[in-house]
Amino acid sequence: MTIEQAEQQLIEEFSYFNDWMDKYNYIIELGKELPLIDSQYKTPQYLISGCQSQVWLHADFVEGKLVFSADSDAIITKGIVNLLIKVLSNRTPEEILAAKLDFIDEIGLRAHLSPTRSNGLNSMLKQMKMYATAKVIFLQS
């Protein structure tokens, strides 16, 4: 499944809900399904700055692809980071860097987040892309 296909799948899943309370509840459910980060990575080094909640994000490089794991102290934030992981995990660094991630706006997520949560979303995306950039630079050297 490509990034675009994963995005389309999420768009379809969110289309089943008519109101944003139902969508928030779905995001909460996704937070409960988040593949948790190993406790050794719940340190300040893996903490994403710019998030109102504490969010830890780690990436392993497995067979040419980045595999993300995360955790947060806020259930909505866990759901948001899980959405990103569903789309970006198990992808090559180049795929991650090229991803447009239009699904975020298409499902209405950005429009329905508070400014602080929107900043957190942007910080999560930035960190995931930074992991990909670092790996590309490392592989080229």
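1. A residue is called buried when its relative accessible area is under 20%, exposed when that area is over 50%, and partly exposed in between. Arginine 110, at 27% relative accessibility, therefore counts as partly exposed. The structure discussed in this note is a predicted model.

2. Arginine 110 takes part in a salt bridge with aspartate 105, and the closest N and O atoms of the two lie 3.2 Å apart. The total for the structure is four salt bridges.

3. Another of these contacts joins aspartate 71 to lysine 78, with 3.4 Å between the closest N and O atoms. Aspartate 71 is buried, since its relative accessible area is 8%. Lysine 78 also counts as buried, at 18% relative accessibility. Through salt bridges that share partners, Lys42, Asp71 and Lys78 are joined into one network.

4. Helix α2 provides a further salt bridge, in which the side chains of lysine 32 and glutamate 29 meet at 3.3 Å, N to O. These residues are three apart in helix α2, so about one helical turn separates them. Lysine 32 counts as exposed because its relative accessibility is 58%, whereas glutamate 29, at 38%, counts as partly exposed.

5. Helix α1 comprises 13 residues and spans 18 Å from its first C-alpha to its last, which is close to the 18 Å expected at 1.5 Å a residue. Its buried residues are Ile3, Ala6, Glu7, Leu10, Ile11 and Phe14. Viewed down the axis of α1, the buried residues fall within an arc of 140°, and they therefore line one face of the helix. Glu4 and Ser15 are exposed on the other side of α1.

6. The buried residues of α1 pack against four helices: α2 (20-32), α3 (75-88), α4 (93-98) and α5 (103-106). Isoleucine 3, which belongs to helix α1 (residues 3-15), illustrates the buried side. This residue has a relative accessible area of 4% and is therefore buried. Leaving aside residues up to four places away in sequence, isoleucine 3 touches Val87, Leu88, Arg91, Glu95, Ile96 and Ala99. Between isoleucine 3 and isoleucine 27 there are 19 Å in space, C-alpha to C-alpha, and the two are 24 residues apart in sequence.

7. Five aromatic pairs are present in the structure. One of them is formed by phenylalanine 14 and tyrosine 26, an edge-to-face pair with 5.3 Å from centre to centre and 80° between the planes. This pair links distant parts of the chain, as phenylalanine 14 lies in helix α1 and tyrosine 26 in helix α2, 12 residues apart. Phenylalanine 14 and tyrosine 26 are both buried. The rings of tyrosine 41 and tyrosine 46 have centres 5.0 Å apart and planes at 80°, so this pair too is edge-to-face. Tyrosine 41 is buried, with a relative accessible area of 17%, and tyrosine 46 counts as buried at 16% relative accessibility. Ring pairs also link Phe14, Phe17 and Tyr26 into a cluster.

8. Strand β1 (residues 55-62) and strand β2 (residues 65-72) run antiparallel and are joined by eight bridges. Within this pairing, alanine 59 of β1 stands opposite phenylalanine 68 in β2. The hairpin of β1 and β2 has two residues between the strands, and glutamate 63 there takes a positive phi near 50°.

Methods: Residues numbered from 1 in each chain as written. Predicted model: local features only at pLDDT ≥ 70, side-chain atom pairs only at ≥ 80, totals over all residues. Heavy atoms only, no water. Buried < 20%, exposed > 50% of the residue type's maximum accessible area, 1.4 Å probe, protein only. Contact = heavy atoms within 4.5 Å. Pairing = 2+ DSSP bridges. Expected span 1.5 Å × (residues − 1). Arc of directions from axis to C-beta. Phe/Tyr/Trp six-rings, centres within 6.5 Å; stacked < 30°, edge-to-face > 60°.
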